Amino acid sequence: MKINEKNTTINPLANLTLNQDITHNGLGVSAGIAIGPAHVVERGLIDVPEYTITESALELEVARFDKAVQKSIRQIQKLQSKASVLEGAAAEELLYLLDAHLQMLRGSRLVRGVVHRIRNTKNNAEASVQAEFSQIAEAFSAMGDNYLAGKIEDVREVSARLLRNLTSAEYQAFSGLPLGTIIIAEEITPADTALMDPNRIGGFTSTLGGAEGHTAIMARSLGLPAVLGAPGVMRTVKAGDIVIIDGVRGQVIVKPSKDTINRFKRRRQALIRRQRQLRRLQRVPAITKDGTAVRLQCNMELPSELELSLDAGAEGIGLLRSEFLYMNRHKPPSEDEQYVAIREILEGMNGCPVTVRTLDIGSDKLAYSLGNHISPSVNPALGLRAIRLSLKVRPLLETQIAAMLRACNHGEMRILLPMITSVSEIYHVRQTIAKVVRRLRRRRIKLPDELPKIGIMIETPGAAIASESLAQVCDFFSIGTNDLTMYTLAVDRGDEQVANLYNPLHPAVLRLIQMTVDAAKKYQIPVNLCGEMAGNPKYSALLIGLGLRNLSMAAPSLPRVKQRIINLNVSEAYTHSQNILKQSDTTDISNIIDEYNSLKKN
Ligand code: PEP
Ligand code: MG
């Protein structure tokens, strides 16, 4: 959900004298240490922008509010038509509720009151909605009537919808903050993270969020220290308080003492020195001690990571998540816009291959621009996600494929399809590609003789088990261990409450990886692994032992993985992986891995 920014003035040195060292524990999802002033982000009705409207702009402000009302009405009507095909008491209740919301938007006290406030107090529409809601809620609860008390929730929901529609244009929320600011929020979405400029923002922490959700992945890709799933921080921190984010140990320290700050500064320096040392590996080829070449590529979330990927010495982009094109905007991007963005990345990679994945929106990756196509789902991870959405809303896929095919004239490109579970999905995409090729040729757009290879993500247990059939109808595999772990273990990758159960080392996940690699070998297609596992050097020997020779990861992880690879022997790694595959307990597997890695370090 979009978050509303709190209007706060930040004084970086405020509260330094309190020296309280309040420590909160969470999940360290992106290594690194950041020290800086807090910017507290709150959602909902409490903190909305508040400013005065000049006399001459008052009617424009009323019109802006009216537009938000009309938009809210359209949204509710859409929800009504969806609810009307449902059956049973729940549907009836939902329709009744939506009807009540619609009545409220068509001239209730709330709407009239807001217009009155804008004209009389000259406050902006958002502040007027909030003030009117507070007054109605107060009046209803003062009446001591249960029915009216229940109505407060309806007024709150309608007010929240109006606020969302009024504020949704204000996406550039984190620009203009002081250098090194630490963002603190209840929830930070991947789209919010996309707005954080790593040159300005120091790091972030939130109450919600798991280690393998997309917010965490983006933090790692951008090299932003982050701790997620840290309860309590919001209650102890005020805007401007100094906060330390320790993304290595998963700690957030609020109002640190001078001694603590100095200690963390020393640790931060040591981390930076180590990163500099690893940079020397940039041009060293990733070849094991016994002469096996491993292709190390980067995953890319945002075009701004291009430099980071080149600096890390990536041999290509193994996974370009195209979702960035759809985030923080009202309409999906045009074919031209997508073409330009992909072309720039291809050209920027100087001839190295780029694997562009079609849209993987849904589950925890929601783009506002597709709001109309994705209805709220009881279980979004199992709903209309990724290729399912692309195949249902064909123009989305056709536009994206057209942009990709046009861009493939400018570099070596491969197309990757997310969340494939059956061969028929691949056939349907191939048919769409053929149709788009015909259309582009009619437009006299020159395409290369050889069209891009079409690969699929193996990220569900079904796909891994059916990998032999799938291998026969696609050109390459890319194993997505983030989702594969989630779907195999039935553990939401973004939910901090079950983060302790999320483990890619579970024997079931490892067997599915092995099965996929074997199927790829049997049908002689390349197989890559682009889940977060690839970027953890602890797992390098295991993955090489399982037969993987292509790994794709966040740029900051690549040098450490390369260092591990150039120090290992494939034959030893094979024995290590076979030993692991014999285990039935995840803890035993972890211990074997730790032991192996500590021996290799000495
Ligand atoms: C994965 O699931 O492992 C993967 C790489 O895809 P994403 O994280 O974008 O879902
Ligand atoms: Mg995935």
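This note goes through a predicted model of a single chain with its ligands, point by point.

1. Overall make-up. The chain holds 22 helices and 16 strands. It has 602 residues, of which 54% are buried. Of the contacts between residues at least 6 apart in sequence, 71% join residues at least 24 apart. The exposed surface of the chain comes to about 26600 Å², and carbon and sulfur atoms account for 51% of that area.

2. The magnesium ion. Which protein atoms serve as donors to the magnesium ion (ligand 2)? They are the OE of E459 and the OD of D483, at 2.0 to 2.1 Å from the ion. E459 sits in the loop between β13 (454-458) and α15 (461-465), while D483 belongs to helix α17 (residues 481-489), so the two donors tie together parts of the chain that are 24 residues apart in sequence. The relative accessible area of E459 is 2%, which places this residue among the buried ones. D483 is likewise buried, at 2% relative accessibility. Water is not among the atoms, so the site may look incomplete.

3. The shell of ligand 1. Ligand 1 is surrounded by 17 residues, and the closest of them are R321, R357, G480, N482 and R493. By type, the shell divides into eight charged, five polar and four nonpolar residues. Three elements, α7 (214-222), β10 (317-321) and α17, each supply at least two residues of this shell. Helix α17 gives the largest share, three residues.

4. Polar contacts of ligand 1. R321 places a polar side-chain atom 2.6 Å from an oxygen atom of ligand 1. For R357 the corresponding distance, again from a polar side-chain atom to an oxygen atom of the ligand, is 2.7 Å. E459, a donor to the magnesium ion, also has a polar side-chain atom 3.0 Å from an oxygen atom of ligand 1. How much of the accessible area of ligand 1 does the protein cover? On its own the ligand has 290 Å² of accessible area, and the protein covers 100% of it.

5. Helix α17. This helix contains the magnesium donor D483 and contributes three residues to the shell of ligand 1. Is α17 mostly covered or mostly exposed? The helix is mostly covered, with eight of its nine residues buried. Those buried residues are T481, N482, D483, L484, T485, M486, Y487 and L489. They pack against three helices, α7, α15 and α18 (507-522), and against the strands β10, β14 (476-479) and β15 (527-529). Just after the helix, A490 adopts a positive phi of about 55°.

6. Other positive phi values. Most residues other than glycine have a negative phi. K122 is not a glycine, yet its phi is positive, at about 60°. K122 is located in the loop between α3 (109-121) and α4, and it is partly exposed at 26% relative accessibility. Q524, also a residue other than glycine, has a positive phi near 55°. The loop between α18 and β15 holds Q524. With a relative accessible area of 72%, Q524 is exposed.

7. C530. This residue lies in the loop between β15 and α19 (540-545). Is C530 buried or exposed? C530 is buried, with a relative accessible area of 1%. Leaving aside residues up to four places away in sequence, C530 touches N299, L319, M457, S478, I479 and S552. The C-alpha atoms of C530 and N550 are 8.6 Å apart in space, and the two residues are 20 apart in sequence.

8. Q130. Helix α4 (residues 125-142) contains Q130. The relative accessible area of Q130 is 17%, so the residue counts as buried, the limit being under 20%. Its C-alpha atom is separated by 7.9 Å from that of V48, which is 82 residues away along the chain.

Key:
Residues numbered from 1 in each chain as written. Chains lettered and ligands numbered in written order. Predicted model: local features only at pLDDT ≥ 70, side-chain atom pairs only at ≥ 80, totals over all residues. Heavy atoms only, no water. Donors = N, O, S within 2.8 Å, 3.2 Å for Na, K, Ca; no water. Helix = DSSP H or I, 4+ residues; strand = E, 2+ residues; numbered from the N terminus. Buried < 20%, exposed > 50% of the residue type's maximum accessible area, 1.4 Å probe, protein only. Near = heavy atom within 4 Å. Polar contact = N/O pair within 3.5 Å; in protein donor to acceptor, adjacent residues only side chain to side chain. Areas by Shrake-Rupley, 256 points an atom, 1.4 Å probe, with all protein chains shown as cover. Nonpolar A, V, L, I, M, F, W, Y, C, P; charged D, E, K, R; others polar. Contact = heavy atoms within 4.5 Å.
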